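Trainee: Could you take me through one part of this model slowly, and explain how that part fits into the whole chain?

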Amino acid sequence: MTNLIKRFTNDESGATAIEYGLIAGLIAVAIIAGAGTLGNALDNQFDDLATEIENASPST
């Protein structure tokens with residue numbers, strides 16, 4: 001019984017799994033935030049391009 005308690009207190013595999021889970025979660029949050037920012041920037045760029053095309057006057 002004493003051996004079982006010693007093994008249980010020395011086992012850190014659960015803590016390692018939690019750490020990897022936290023790292024994966026932080027990476028996912030960073031990717032989502034970056035994709036949102038990139039999407040907004042592209043949307044603004046295309047809106048500006050569409051405005052420029054609409055305001056272009058033919059040279060006649």
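**A close look at D47 and its surroundings**

Mentor: Let us begin with D47, whose place is in helix α2, and keep in mind from the start that what we are looking at is a predicted model. With a relative accessible area of 41%, D47 is partly exposed, because that value falls between the 20% under which a residue would be called buried and the 50% over which it would be called exposed.

The residue just before D47 in the numbering, F46, is found in helix α2 as well, and this helix covers residues 13–55. F46 has a relative accessible area of 54% and is therefore exposed, since the limit for that class is over 50%. On the other side in the numbering comes D48, which also has its place in helix α2 and which, at 49% relative accessibility, counts as partly exposed. A little earlier in the chain, N44 lies in helix α2, and its relative accessibility of 46% makes N44 partly exposed too.

Now consider what these side chains form on the surface. D47 belongs to a patch of negative charge, in which it gathers with D43, D48 and E52. F46 takes part in a patch of another kind, a nonpolar one of about 530 Å², which is made by F46 together with L38, L42, L49 and I53.

It also helps to ask how D47 is placed relative to the beginning of the chain. The C-alpha atoms of D47 and L4 are separated by 66 Å, with their positions 43 residues apart along the chain. For N44 and T2, which are 42 residues apart along the chain, the separation of the C-alpha atoms is 66 Å.

These distances can be set beside the dimensions of the whole chain, whose C-alpha trace spans about 95 × 10 × 10 Å along its principal axes. The protein chain contains two helices and zero strands. Its radius of gyration is 27 Å, well over the 10 Å that the globule rule gives for 60 residues, so the chain is more spread out than a compact globule.

Finally, let us return to accessibility, this time for the chain as a whole. Of its 60 residues, 0% count as buried, and the partly exposed D47 is one example of a residue outside that class. The accessible surface of the protein chain comes to about 5600 Å², and carbon and sulfur atoms account for 64% of it.

Note on methods: Residues numbered from 1 in each chain as written. Predicted model: local features only at pLDDT ≥ 70, side-chain atom pairs only at ≥ 80, totals over all residues. Heavy atoms only, no water. Patch = residues over 30% accessible without salt bridge, like charges linked within 9 Å, V, L, I, M, F, W, Y side chains within 5 Å. Areas by Shrake-Rupley, 256 points an atom, 1.4 Å probe, with all protein chains shown as cover. Salt bridge = Lys/Arg side-chain N within 4 Å of Asp/Glu carboxyl O. Helix = DSSP H or I, 4+ residues; strand = E, 2+ residues; numbered from the N terminus. Buried < 20%, exposed > 50% of the residue type's maximum accessible area, 1.4 Å probe, protein only. Rg over C-alpha atoms; globule rule 2.2 N^0.38 Å. Lys, Arg positive; Asp, Glu negative; His and termini not counted. Charge placed at Lys NZ, Arg CZ, Asp CG, Glu CD.
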